[in-house]
Structure formats: structure tokens, C-alpha cells
Amino acid sequence: MNIILFGPPGAGKGTQADNIVKSFDLHKISTGDLLRDEISRKTNLGNQIKTIIEKGSFVSDEIINDLIERILSDKKYYNRLVFDGYPRNLQQAKNLDLLIEKYNQKISCAISFNVEKEIVVKRILGRQTCTKCGLIFNQYFKPSNSKNHSCDSKYLVKRPDDNEQIILKRYETYLDKTLPILNHYKRLNLLQEIEGKTGIDQIFAEIRAIIASLEA
Ligand SMILES: [Zn+2]
């Protein structure tokens, strides 16, 4: 089974990807990891990618496609993938269709996490890390209190680079770029939409139900 995950930043997609990988013994594929891996192995392609990224340019779809083909042609990953953050545009999605067919596999479903922008903003802006013990809290959803945390509140810090404007912009950009891809999978009857505003466990229960229905 190959699964594709979509969700805006702050939707909890990464956490669920890890849950799925663990529970169903699959492999997570993210293009960021593939690129970093190639760079660290210092291959010709890796050096090329490094130069592109250092110039601040985007890695071409062609390079991404080559990296994805390498995975799909590898027997050890046969029909056992969770794509996280890929495909990123319609061209990549269509290329993935071709590769999937070429290597005689199938996309089982594309799961999209729908989360309202108000919740995304609170999840990201409310995030607090304790600099003393490393625990992570959220002032709106999981505030630090005397029961769950013993350090003084002065140790709680937020990431300074996030502000509401930037988060909303990222969210809008995600929707604009992703809608055509979601429509693509809808046409193929592969799209499953999940309300991402409930808790981590509840969302994962929904995912389990979807996957069970695929295996049935
Ligand atoms: Zn602490």
C-alpha cells in the first residue's frame, strides 16, 4: 500500500506520518530527506543539488522525479510507502502516476488533513518549549501547569520567527498550490479528507479506519 499525505503547516501531518509508518511497517518518503541524503553522500547529483540550494534556487521537478524513481524501483520499498510533502505540484503528481504504473504499484489513497486557519495559527503561535527540560506545550491547547510540568514558567519560550501574518500567508500558499493536486486525486477517486482539528489519537483512529477499508 502506498499512501500520500497532504496538510498545511501545523496540521499535524508529520506526527501522523510517523504513526502510520510505525503501525503499518511502511517507509516515509519526503523529498527534503531524499535531497539531504543525496547531499550527504556527496554523489554528483548530491553536489549539483547542494549548489542549487546554496544559490537559493529550487530543485527541479526532474531531479525530484529521478530521486522518487530510485525509491519506486527499489524492491525493498515495493508498495510500502508514505509520501509526506510530495507531490508538491500537479506535474510531480502526474509523474508519480507514470512511475507507479511503470513499477507495477498503486496509490492506495491520498489523505488530506483539513484544518481551519484559526487553529493552525493557534497551534503554531501557541507553541512553547521549556528551555530547562525540553518539554513542549501549547498555551491554547496544552498549557503548562503544575500537574504536567515542574519548571518555572520563565523557562517557556516561543519561536521568534513565527507571526500571524507569516503563518496565514504560508497557509494560503499551501491551499493555492495544493488544491489542483487534491482535485487530481479526487478525479482518480483516491482522495480521503480528514478533519484535522481533533486530537492526535482521534485523527489516527480515522486514518486506521481508512487504511482498514483499503485492505478489506
Ligand atoms: Zn521544563
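Two strands are taken to pair if DSSP finds at least two bridges between them. In this predicted model, strand β1 (residues 2–6) meets that description with β3, to which three bridges join it in a parallel arrangement. A handy landmark for this pairing is Leu 5, whose bridge partner in β3 is Asp 84. Strand β2 (residues 27–29) also pairs with β3, again in the parallel sense and over three bridges; here His 27 stands opposite Leu 81 of β3.

Strand β3 itself spans residues 81–84 and is covered on both faces. Leu 81 and Phe 83 lie on one side, Val 82 and Asp 84 on the other, and all of them are buried. Two of these buried residues thus reappear from the strand pairings: Asp 84 as the partner of Leu 5, and Leu 81 as the residue facing His 27.

Turning to the metal site, the zinc ion is held by three cysteine sulfurs and one histidine nitrogen, namely SG of Cys 130, Cys 133 and Cys 151 and NE2 of His 149, at 2.0 to 2.3 Å. The angles among the four donor atoms run from 103 to 116°, and the site is tetrahedral. Along the sequence, the donor residues follow the spacing C-x2-C-x15-H-x1-C. Within this set, Cys 130 and His 149 link distant parts of the chain, 19 residues apart: Cys 130 belongs to strand β5 (residues 127–130), whereas His 149 sits in the loop between β6 (136–138) and β7 (156–157).

How accessible are these two donors, buried or exposed? Cys 130 has a relative accessibility of 2%, so it counts as buried. His 149, with a relative accessible area of 7%, is buried as well, because the cut-off for that class is under 20%.

Definitions and conventions
Residues are numbered from 1 along each chain as its sequence is written. This is a predicted model: local features need pLDDT of at least 70, side-chain atom pairs count only at pLDDT 80 or more; totals for chains, interfaces and linings use all residues. Side-chain values use heavy atoms; hydrogens and water are left out. Donors are N, O and S atoms within 2.8 Å of the metal (3.2 Å for Na, K and Ca); water is not among the atoms, so sites may look incomplete. Four donors count as tetrahedral if all angles lie between 85 and 135 degrees; four count as square planar and six as octahedral if opposite donors are over 155 degrees apart and all others between 65 and 115; anything else is irregular. Helices (H or I, at least four residues) and strands (E, at least two) are DSSP runs, numbered from the N terminus. Buried means under 20% relative accessible area, exposed over 50%, partly exposed in between (1.4 Å probe, protein chains only).
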